[in-house]
Amino acid sequence: MTRRISQAIRCSLDSQEIFQTAVKELGSYLKVDRCSLFMRNDPSQCATNVAEYHADGVQPAASDFALSHLQALIAALDETGVLPFNDAANDARITDLYNNILAKANVKSIIYVAIRVGDDVPAAFALSTTRELRHWSEADIALAKAVADQTGIAIRQAELYQKAQQTSKREALVNRLTMAIRASLKLPSVLSNATSELGQALAASRVHLFLYGSEGVSCQLEHEYLDEGVSSIKHVEVDSSDPIGRRLLHTGQPLIINDSLNFLDASEDLTAYVREHARQLGMRSQINYPLIVKGQFRGVLCIHQTDRIRRWTEDELNLVEALEERLAIGIAQAELFEMVARGKTEWETTFDAMSDGVFIFDRKGDLIRVNRAGAAMESVHPKALIGRKCCDILRNSDEDKKCVVERAIEDSRSVTIEITPTRLNRPLLITIEPVLDSNNKATAVVCTARDLSELRKVQAVAREHQSLLTNILESARESIYAVDTNGCFKWCNGATLKGLGFPLSEFIGRPLLSMVYEGDRALVQEKLDAALQGVPQTYQMRYFAHDGRLRHARVDNSPLVVEGRTTGVLGIARDITEQKEERERAARADKLRALGQLASGVAHDFNNSLAAILGRAQLLRRQLSDQALVRNLDIIQTAAEDAAATVRRIQTFARKSPVKEFELLDVRNLLQDAVEITRTRWENEARLRGLEYDVKLEAVSGASTYGSASELREVFVNLIVNAVDAMPRGGRLRISCDRHDGRLQLQFSDDGMGMPEDVRQKIFEPFFSTKGAHGTGLGLSVSHSIVERHEGTISVTSESGCGATFIIDLPAALVESCEQDVIAVLAEIPARKILVIDDEQSVRETLAEMLVAVDHKVELAESGHEAMEKLTNGQFDLVFTDLAMPEMDGWETARAIRKHWPEIQIVLVTGYGPTIPPPDGEEDLVDGIIGKPFDFTQVGSMLSALATRTEVPVGS
């Protein structure tokens, strides 16, 4: 399901489509009445419902909620990620939220799930029911979190994509306008084209341009863009003395208004003017951007939105700013062109208007003309420079024998050079063009000097941006690296070095494949080759970290293209080891759950059969005096009790019976037993095959623990047998047991074949076997379960060809603290009338005869319905009822008895074990529970406890 939703929401880069897909898929799959996605809108201080799914007949949720009402919820959601509320009306944690918001939406149960984008939580899912209460399960929460994670990734991708689109659109528009400005110096054409392009790019209702004359007098709108259905305002006259014009002239900054009709400013005149102007022209939002041409306020670029309130984004403002700069350049160039077009009489003005310094020297190197910019470099009037020598103005240093102008005149060639004149102390880009005669001799030179001070500032900003980019790459958690066409590292960020444990000097030049797990090298090489062909690749691979652990990574490869040529591959690797381990643990849990369900059913059926066997054996033993028969019955009883112990172990493995029947054990004796039990395998049978096994046991005395002897013995036997199987040509097995800090540490070390890392990580999984068809894959899994039940741990260290060591850690026990066995003393129990209910005839009759044997009156019923009829027609003191019965199970039967005869005591008899929990809220539904198979001691203890009205502990 998570994969399907992930694919659905990643198929689009449109935010709204992503939101709608996520709520629809998640809401319909979890079968909730309403699934909403709320985005936090900080400028408007509200949480906005941007997408919603609701079931048929369910009203949609409100669209906006004030953030002031949600601060506590936001803080808790940011910390925990998920906030489930099964009963919202009665949950004290959200009393205020329920009274203010949820009650109005008729919410019964609700769960909030944070959607994270990086470290921020800009959005959240709200899944709710309106018709009934719902208990949010772990599966519900896990699915919602997974969808939220995928939605967060998709939101981030959409944001990056949309931002890239906006940047691309802005750059394209700016490029088009730049080309238009360069292609045409006719001002009206440039301005009309600019307003039209900007209006379409912003999807604005109206864009127009007011240009003021040099005196700032009023003028009419001349250049206007109108969206479809929007009226023109060309009839409106404005001048720079109105409140908006004064503000722009005074500050030189744009006036950005999101809500014109409710605009509020410190200036009452400006507030009143904007509101009235908006009302007259039908404006809801607007931008008034000053046009600054060569430092002078020359007009206003106005953008209007008439159909809605619009919150102008940073990208939109950047676009307007870029356009204003190009317009200013275009206006400046157009005006300069007009000046040049006036003719020769205005040539001096044009010459002086140039921003670069222009010097004209004759053949002797004397200055014959200079513009104002050139004179400004010397801080004198242009006339004061006429006649000066070139070397007096543009000499680079006193050591130069010839200045650059003299060399250009002598060589009669063009020269472009960057110098820093001694007296000016600032960098200049000097371009010298000779004026040649018919003999290609220089008769004069035109020297253009461009002040590079501003350029150097821009370059400094560029270096700062480059440093910022470097810092971003270095601060990234992902490993980012580049390899050349041979697959060798040529660059990487700090995260790569940290993960692999190399210094940079030793890392650059290493082959990428040397870091990759051997089994994945062919795949990685294939992906690198594909990326070098220009096709981006995404794949998963394994590698060894600096600590030697095998880890998993998800890698994105993209070709590095420089000037149309692929020079290498850029890789971004994200460590996904924890995610894979989590999925593997979930799969392992599913296998155990399936095995547990199977084991639980088998245990229940065995318990029913054992109940009849054990009960009948005890009844016969009480009735016979022949010692031979009694001895045979004792054997039957012992076998039944051993079988019951085996069933309890099955139930423990199936997580149905957590009962621990532990006793004080000498671990050394258990290890010796295991060695002797397996001796036939590693000694007798091995010698027949010509093999020798050296098995040594070294265990400290007094190593005791509490546990089940049969279970621990089974673990030890299993480990010895596995060790022998791992040494097909013979070998040594060392078994040790030491005591450290209140714990026992057992080691089983062999010098067999060992195992690779991927096998070692799965060795304790159910059904995972290294023996092929000869193994079940359950031995080590069961051993792991047994050790955990004994509050211990089991682990393994191994390498291929270097043997394996299994380590078991168990809690140590002091012999002096062992508990003494308690012998139950049964009190004299008065005769009672008892009803026994069980659908299994053998179990029902066995329990009845055991009760009769201790002088009680008993009637039988094979179902809950028959029991209700007998209870209606007679009086009973006590009821024994089976749990698993068709039509009416034990809980339903007990519930019906409690309703009509609350004074009758009830005992539940179940093959699922005596610790089965009662239904929620009905802890007193029965007076006691007996597990199958039962014997006289259990039945007698229960009768005694009920007769004295003492509390009967579960599992008695």
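**Notes on a predicted chain**

1. Let's start with a pair you can pick out by eye: Arg542 and Asp520 form a salt bridge through their side chains, with N and O 3.0 Å apart. These two come from distant parts of the chain, 22 residues apart: Arg542 belongs to strand S21 (residues 537–544), whereas Asp520 is in the loop between helix H17 (504–507) and helix H18 (521–532). Asp520 counts as buried because its relative accessibility is 10%, and the cut-off for buried is under 20%. Keep in mind as you read on that this is a predicted model.

2. Now zoom out. The chain has 956 residues, and buried ones make up 44% of them. You can follow 29 helices and 35 strands along it. Take the contacts between residues at least 6 apart in sequence: 58% of these join residues at least 24 apart. As for the outside, the chain exposes about 50500 Å², and carbon and sulfur atoms supply 50% of that area.

3. Back to salt bridges, of which the count comes to 33. One of them pairs Arg116 with Asp78, at 3.5 Å from N to O. Arg116 sits in strand S5 (residues 109–117) and Asp78 in helix H3 (residues 71–80), so this bridge ties together parts that are 38 residues apart in sequence. Both ends are partly exposed: Arg116 has a relative accessible area of 32%, and Asp78 has 38%.

4. Another pair to look up is Arg574 and Asp556, whose closest N and O atoms are 2.6 Å apart. This bridge runs from strand S23 (residues 565–575), which holds Arg574, to strand S22 (residues 550–562), which holds Asp556; the two residues are 18 apart. Is each partner buried or partly exposed? Arg574 is partly exposed, at 30% relative accessible area, while Asp556 is buried, at 18%. Elsewhere, Glu676, Arg679, Glu683 and Arg687 are joined into one network by salt bridges that share partners.

5. Which residues touch the most other members of the largest nonpolar core? They are Leu671, Phe716, Leu746, Phe748, Phe806 and Ile808, out of 43 residues in that core. Helix H23 (residues 709–725) gives the largest share, ten residues. If you click on Phe716 and skip residues up to four places away in sequence, you'll find that Phe716 touches Val667, Leu670, Leu671, Ala674, Leu746, Phe748 and Ile808. Apart from this core lies another one, of 28 residues, with Ile18, Ile115, Leu127 and Ile155 among them. For background: in soluble globular proteins, nonpolar side chains tend to be buried together.

6. Some nonpolar side chains do sit on the surface, though. Leu598, Val602 and Phe606 form a nonpolar patch there, with about 280 Å² of accessible area together. Phe606 is part of helix H19 (residues 577–623), and this residue is partly exposed, with a relative accessible area of 48%. A handy rule for looking at such a patch: an α-helix has 3.6 residues a turn, so residues three or four places apart point the same way.

7. For a buried residue, try Thr496, in helix H16 (residues 494–500). Thr496 has a relative accessible area of 2%, so it is buried. What does Thr496 touch, not counting residues up to four places away in sequence? The list is Ser479, Ile480, Tyr481 and Phe507.

8. Helix H29 (residues 936–947) makes a nice sanity check. At 1.5 Å a residue, its twelve residues should span 16 Å, and the end C-alpha atoms are indeed 16 Å apart, so the two agree. The number to multiply by is one less than the number of residues. Buried residues of H29 include Phe936, Val939, Met942, Leu943 and Leu946. In the loop between strand S35 (928–931) and H29 you'll find Pro933. A cis peptide bond joins Lys932 to Pro933, with omega about -5°.

9. Last, a couple of backbone angles to check. Lys31 has phi near 55°, a positive value in a residue other than glycine. Lys31 is in the loop between helix H2 (15–30) and strand S1 (34–41), and counts as exposed at 71% relative accessibility. Asn106 also has a positive phi, near 60°. Asn106 is in the loop between helix H4 (95–102) and S5, and is partly exposed, with a relative accessible area of 41%.

Methods:
Residues numbered from 1 in each chain as written. Predicted model: local features only at pLDDT ≥ 70, side-chain atom pairs only at ≥ 80, totals over all residues. Heavy atoms only, no water. Helix = DSSP H or I, 4+ residues; strand = E, 2+ residues; numbered from the N terminus. Buried < 20%, exposed > 50% of the residue type's maximum accessible area, 1.4 Å probe, protein only. Contact = heavy atoms within 4.5 Å. Salt bridge = Lys/Arg side-chain N within 4 Å of Asp/Glu carboxyl O. Patch = residues over 30% accessible without salt bridge, like charges linked within 9 Å, V, L, I, M, F, W, Y side chains within 5 Å. Areas by Shrake-Rupley, 256 points an atom, 1.4 Å probe, with all protein chains shown as cover. Core = buried A, V, L, I, M, F, W, Y, C linked by side-chain atoms within 4.5 Å.
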